[in-house]
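Me: I have a protein model here and would like to learn how its labels are earned. Could you go through a few of them with me?

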Amino acid sequence: MNPRRLALGDELRLLRESAGLSGKRLAEQLGWPASKVSRIERARQAVTDSDLVAVAAALTLDSVQLAQLRDELRAIRLEEARWSRQLRAGHRPVQDVVAVAERDARRIRGFSITLVPGLLQTAEYARHVFTSLAEMHESPRDTEDAVRARMERQQVLYDETKTIELLMTEAALWFPAAPSSVMLAQIDRLITLQGLPALRLGIIPLGAQLPAGITHNFVMKDDVVTIELITTELATRAPEDVQLFERYLDRLWSVAAEGDDARAILTRAARQVADAADHSTR
């Protein structure tokens, strides 16, 4: 259990006691289940930002106290989101968490710069990705389990009740994450997946003038945005953040190739990969 979450729970308990309220009474005021206050104070349940705002109002905390509580929660989340922490048990547990979020989401939108999106990867491509990431992060190499989990995630592609919009750059094909034979199979997979009813696949061509600069991958699952950085993963559901990422995605899609145009990019990339492989064996 995270000591900082325990400390935050203790602080909330002390503030409640200073206000002369029992946990049961506070829960009644907030319309919460009777045990929720106790679970939060003992760090048995994750406290949310909206929980802190509600508690602060009930305890008549001032703006400075509320800001301090929110800053601490934000710091805890950043600490827990660091890849060094998430990957302590390897990549498989992370894939399992992502799978649940994707299964529950009605709409998935994503943008990837130098990698094929995970939902579209072949097993061999994913194997190379996980191997390189484990090496970089010096995390446990549960590669085969992680690959299986990623392949299982891809079942959502066939759920026609979902809307899945995945956008990548052509650079992901020109900076290969795997050997030529793997890249050729991966490109063929992308061409095949284009026909899925639930999937919208876009590729931003090399040389396209971007409407705005983008420096990281991100995924939107309904009203939650997850931003992937080298050291950590950030998540936000703040309405202003969600709207900003929606605008970014809409504008990136405006310069993306789809359908036959995307297929032409994939076919050209396959030809270039094959030619490069042939040249290297001469």
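Reply: Gladly! Let's begin with a definition: buried means under 20% relative accessible area, exposed means over 50%, and partly exposed lies in between, using a 1.4 Å probe and protein chains only. This is a predicted model, in which local features need pLDDT of at least 70 and side-chain atom pairs count only at pLDDT 80 or more, while totals for chains, interfaces and linings use all residues. Residues are numbered from 1 along each chain as its sequence is written, and side-chain values use heavy atoms, leaving out hydrogens and water.

Me: Why is Arg 109 called buried?

Reply: Its relative accessibility is 2%. Buried means under 20%, so Arg 109 counts as buried.

Me: What makes Asp 250 and Arg 109 a salt bridge?

Reply: A salt bridge needs a side-chain nitrogen of Lys or Arg within 4 Å of a carboxyl oxygen of Asp or Glu. Here the N to O distance is 3.0 Å, so the pair qualifies. Asp 250 sits in helix α12 (residues 239-253) and Arg 109 in strand β1 (residues 107-112), so the bridge ties together parts 141 residues apart in sequence. Helices (H or I, at least four residues) and strands (E, at least two) are DSSP runs, numbered from the N terminus.

Me: Is Asp 250 buried, partly exposed or exposed?

Reply: Partly exposed: its relative accessible area is 45%, which falls between the two cut-offs.

Me: How do you know that Glu 124 and Arg 127 form a salt bridge?

Reply: Their side chains meet at 2.5 Å, N to O, so they satisfy the cut-off. They are three residues apart in helix α8 (residues 123-137), about one helical turn. Glu 124, at 34%, is partly exposed, and Arg 127, at 22%, is partly exposed too.

Me: Which residues are joined into one network by salt bridges that share partners?

Reply: Arg 107, Arg 109, Glu 165, Arg 200, Glu 246, Asp 250 and Glu 258. A search of the whole structure finds 24 salt bridges.

Me: Why does Arg 150 have no salt bridge?

Reply: Lys and Arg count as positive, Asp and Glu as negative, with His and the chain ends not counted. The nearest side chain of opposite charge, Glu 228, is 7.0 Å away, so the salt-bridge cut-off is not met. Arg 150 is buried and lies in helix α9 (residues 143-153).

Me: What does Arg 150 contact, leaving aside neighbours within four places in sequence?

Reply: Contact means heavy atoms within 4.5 Å. The partners include Gln 95, Gly 118 and Phe 130.
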